[in-house]
Amino acid sequence: MDYLKTLRDLFAFMKNTRLSETQMRELQNQKLRALLHFVWERSAFYRHTFEEAGITEKQLDRLPLSAFPTIDKTILMEHFEELITIPGLNQEQLRKFDAENTADRRPYLGKYHVVHSSGSTGKPGYFIYDEAAWHTMLLGIIRGALWNMTILQILKLLAGRPRIIYIAATDGRYGGAMAVGDGIDGVGAKQMYLDIKTPLDDWIDSVHKFQPNIIIGYPSAIKILAEFVEDGKVQVQIKRVISCGEPLGSGLRKFLERSFKCPVINIYGASESLALGVETGTEDGMLLFDDLNIIEVENGVMYLTSLYNFAQPLIRYRLSDHLVLKEPMPGSPFSRAEILLGRNEDLLWFEDTAGRRDFLHPLAVEGFCIEGLLDYQFRQTAPDAFEMLAEAAFEERKPAIEAEILRQMKGILQGKHLGYVQFYVRFVDAILPNPETGKKSMIVSTIQTEMEEAV
């Protein structure tokens with residue numbers, strides 16, 4: 001990204017925060033109608049789907065969005081080549097590119113940003129952003145990260161060449177890692193990636209040498225750094241903490257604010273649209289980026305329409321998150337929501353015979369894509385042992401699935417200096433949500449496992 005162009009576009013984009021609610025709805029509608037006409041002309045899937053629903057081209061300008069068909073991830077992946085508007089692009093090409101460039105931010109063919117998404121069939125799925133969509137999305141994320149700052153405050157912050165550390169899974173084509181890296185480059189800041197697979201003993205030295213003044217990452221990982229600060233093991237002067245990738249609870253927010261003595265901003269996004277909203281405090285709720293997306297909630301189900309991605313258009317696409325729309329905040333043109341269900345992961349902590357502790361983050365293995373592996377969870381069985389509960393599509397695939405899981409996990413544990421940890425695979429009939437919360441966590445307790453097995 002060009003630094004001056006990024007700033008110019010960012011400040012123009014920030015003007016949307018000063019629109020009235022009526023002006024925001026008008027802007028949304030203009031973008032929606034342009035998108036509908038575009039997919040009618042360029043996407044065989046959408047045109048066919050609209051026609052099957054009895055929708056004609058003349059109706060594209062007047063029908064409410066609720067009149068259009070919904071889709072989900074399964075439909076998207078089954079009709080990938082028909083849905084996208086990039087001629088000649090297919091999933092096999094992207095899988096090959098992904099396999100050969102797993103930790104590379106370079107776009108495919110120099111112009112398509114490919115975000116890896118784990119699939120329920122054991123094969124990865126992909127979300128595509130062309131350069132225009134990627135740039136717009138980055139502006140949304142940067143705007144969110146600098147929320148409540150004036151233009152003068154932003155210029156002063158950037159003039160000091162911020163030193164930004166990103167703590168998350170960084171060794172693959174994860175949307176968050178790619179967007180954060182490109183966004184930091186775009187504002188001319190210095191950056192350091194601290195992968196959650198890095199041994200904990202290396203964290204203190206890395207942070208001490210880099211001396212970050214802005215932190216971005218998973219809240220569960222940022223919490224570990226905050227605990228180092230509380231214990232006096234790390235001394236840093238942080239100007240802003242930006243949480244992303246996991247839900248941020250009010251208790252953890254207060255802890256981070258107290259530890260780092262600075263504002264904590266929570267960015268809400270998904271692979272399908274990396275810039276969905278921003279939360280600056282529990283009292284305000286989540287402000288949704290209505291100038292980038294339309295979020296609908298019907299019978300508790302959330303649907304996304306991305307207004308900026310014309311390469312892989314998503315219209316009324318079902319997301320697994322659950323939210324409740326709230327009354328708008330006075331003076332703000334953005335919709336407001338409360339996120340009810342999102343994945344908030346615990347960590348697996350292990351201890352060796354010398355008392356040294358380190359953790360394994362479930363999102364470090366989020367990229368597991370093994371043919372026939374439908375779902376998995378972790379259960380810690382001892383201070384130095386855990387098992388993976390695995391759900392397989394076919395009985396005959398279980399030996400191959402187990403062998404590949406063991407191979408990949410061995411490499412992760414050795415990289416974390418957790419070679420002493422014992423690890424097993426146990427196949428179960430189904431990975432079920434917690435009956436008390438309705439959530440399907442990646443780490444389950446022994447009690448929950450026993451309850452599921454008794455059903």
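In the predicted model, Val-241 stands opposite Val-264 of strand S7, a pairing that belongs to the parallel association of strand S6 (residues 240-243) with S7, in which the two strands are joined by three bridges. Strand S7 is also joined to strand S8 (residues 273-279), here by four bridges and with the strands running antiparallel. Within this second pairing, Ile-267 of S7 lies opposite Val-278 of S8, and the two strands form a hairpin in which two residues separate S7 from S8. As to its surroundings, strand S7, which spans residues 264-270, has six of its seven residues buried, and it is therefore largely enclosed by the rest of the structure.

A helical contact was examined in the same model. Two packed helices are described by the angle between their axes and by the distance between those axes. For helix H2 (residues 21-42) and helix H3 (residues 44-52), the packing angle is about 105°, and the axes are 6 Å apart. Because angles of 65 to 115 degrees count as roughly perpendicular, H2 is described as roughly perpendicular to H3. On the H2 side the contact is made by Leu-36, Val-39, Trp-40 and Arg-42, whereas H3 contributes Ala-44, Tyr-46, Arg-47, Phe-50 and Glu-51. By residue class, the contact of H2 with H3 comprises six nonpolar and three charged residues, with no polar residue taking part.

Note on methods:
Residues are numbered from 1 along each chain as its sequence is written. This is a predicted model: local features need pLDDT of at least 70, side-chain atom pairs count only at pLDDT 80 or more; totals for chains, interfaces and linings use all residues. Side-chain values use heavy atoms; hydrogens and water are left out. Axes are lines fitted to C-alpha atoms, for helices over the stretch in contact, and angles run from 0 to 180 degrees between N-to-C directions. Angles under 35 degrees count as roughly parallel, over 145 as roughly antiparallel, 65 to 115 as roughly perpendicular and the rest as oblique. Contact means heavy atoms within 4.5 Å. Ala, Val, Leu, Ile, Met, Phe, Trp, Tyr, Cys and Pro count as nonpolar, Asp, Glu, Lys and Arg as charged, and the others, Gly among them, as polar. Buried means under 20% relative accessible area, exposed over 50%, partly exposed in between (1.4 Å probe, protein chains only). Two strands pair if DSSP finds at least two bridges between them.
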